[in-house]
Amino acid sequence: MKKRVLGRTGLSVSVVGFGGIPIQRLSPDDAVKVTLSALDAGIDFIDTARGYTDSEQKLGAALVGRRGGVVLASKSMVRDAEGMKGEVEASLRELGTDFIDLYQLHNVATKDQLQTVLGPGGACEALEEAREQGKVRFIGVTGHSRAVLSEAVETDRFDTVQLPFNPIESEALEDVIPAARARGVGIIGMKPVAGGALASVAAAALRYNLERGVDVVIPGIDSVSQVRQNARVGVDFRPCSPEELAALEKEKSSWGQRFCRRCGYCSPCPHGLNINMLFLIQAYYERYDLKKWSLERLAGLDTHYGDCRQCGECLPRCPYELDIPHMMKRFAAQVR
Ligand code: SF4
Ligand code: SF4
């Protein structure tokens with residue numbers, strides 16, 4: 001398995017990592033089996049989150065007696081120092097470890113949120129204290145907004161940045177990736193097969209990402225066969241062939257106007273729909289097959305797909321020309 005150094009953390013990690021979202025839907029025994037098969041295949045970077053329901057707990061069970069040699073990352077959406085202290089303790093407990101290699105501020109979505117986490121009493125303060133105490137080794141940030149992540153990287157408070165990157169969503173090549181490279185910030189590529197949209201060309205998508213500045217990709221993994229397929233990319237490490245690039249291009253153009261990048265440019269919707277959140281939930285429902293989880297998230301929103309008035313105000317604001325009202329209608333029928 002090819003290894004790389006994750007930026008200024010100096011941690012050596014397998015180029016193919018383990019994304020901890022999908023094991024939520026596995027039984028505890030299957031989650032342990034899949035995780036151990038990943039470790040046996042040489043995958044040694046594992047990413048999870050407080051928000052992924054029982055993912056930390058399942059990984060903790062798998063790591064009993066196998067913690068050594070694993071680079072473990074988790075993250076939390078909590079934004080204040082007091083709350084973050086509790087989150088770190090909860091992660092340590094669930095993961096059954098006395099230190100976490102990388103703790104990330106999960107999905108910092110706006111510049112205001114970034115100011116909050118970095119300011120006095122913000123979550124970053126608690127992570128820096130946890131680092132001094134040896135509970136956390138490095139601190140990272142994750143998100144979908146390139147503007148926010150670019151600013152986060154410039155602060156020099158983060159050792160890694162985690163962002164969506166894949167052949168459909170490669171715009172970070174223009175800003176976040178070069179900024180992170182210039183400052184030695186490690187780059188973790190989430191959604192490397194575009195949340196399942198590129199599943200038919202998954203190996204090529206992983207190679208594409210790893211060739212373009214991402215240090216480690218973290219595809220979500222929920223079966224031993226997926227472990228084998230993904231690990232092969234790190235073992236047989238090479239650039240995409242011309243045939244693979246052509247196949248990626250074909251898939252990419254078929255998704256071009258159906259794939260939401262969560263950039264948020266379409267907001268605000270005058271009727272209160274959180275468009276990019278609704279499309280994210282749909283992606284989990286449809287492509288990750290996390291139906292129960294998605295329906296619970298939908299139930300927590302005041303407005304959803306069926307509330308779209310089809311006014312079209314958002315249409316000219318989407319730089320990717322997504323037919324948002326049509327998608328809302330289609331998704332409303334799916335989750336009815
Ligand atoms: S078309 Fe739907 S989502 Fe778009 S602005 Fe109108 S109500 Fe909101
Ligand atoms: S619908 Fe378009 S503008 Fe809105 S978040 Fe998705 S990609 Fe961005």
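These exercises walk through a predicted model, each with a worked solution.

Local features need pLDDT of at least 70 and side-chain atom pairs count only at pLDDT 80 or more, while totals for chains, interfaces and linings use all residues. Residues are numbered from 1 along each chain as its sequence is written, chains are lettered from A and ligands numbered from 1 in the order in which they are written, and side-chain values use heavy atoms, without hydrogens and water.

**Exercise 1. Find the order of the strands in the open sheet of 8 strands, and its edges.**

Step 1. Strands (E, at least two residues) and helices (H or I, at least four) are DSSP runs, numbered from the N terminus. Two strands pair if DSSP finds at least two bridges between them.
Step 2. The order is 3-4-5-6-7-8-9-10, with parallel pairing.
Step 3. Strand 3 (18-19) and strand 10 (216-217) each have a single partner strand, so one side of each has no neighbour in the sheet.
Step 4. Look inside the sheet. Strand 8 (residues 160-164) joins strand 9 (residues 186-190) through 5 bridges, in the parallel sense. There, L163 stands opposite G189.

**Exercise 2. Which strands does helix 3 lie across?**

Step 1. Take residues 81-95 as helix 3. Contact means heavy atoms within 4.5 Å.
Step 2. Helix 3 lies across strand 5 (71-76), strand 6 (100-105) and strand 7 (136-142).
Step 3. Helix 3 runs at about 140° to strand 6. Axes are lines fitted to C-alpha atoms, for helices over the stretch in contact, and angles run from 0 to 180 degrees between N-to-C directions.

**Exercise 3. Describe the residues around ligand 1 and ligand 2.**

Step 1. A residue counts as near if one of its heavy atoms lies within 4 Å of the molecule.
Step 2. Around ligand 1 are C269, P270, H271, I275, C308, R309, Q310, C311, G312, C314 and P325.
Step 3. Ligand 2 has 14 residues around it; C260, C263, G264, C266 and C318 come nearest.

**Exercise 4. Locate the unusual backbone spots at P268 and Q310.**

Step 1. Most residues other than glycine have a negative phi, and most peptide bonds are trans.
Step 2. S267 and P268 are joined by a cis peptide bond, with omega about 0°. P268 is in the loop between helix 10 (242-255) and helix 11 (275-286).
Step 3. Q310 is not a glycine, yet has a positive phi of about 60°. Q310 is in the loop between helix 12 (291-299) and helix 13 (324-335).
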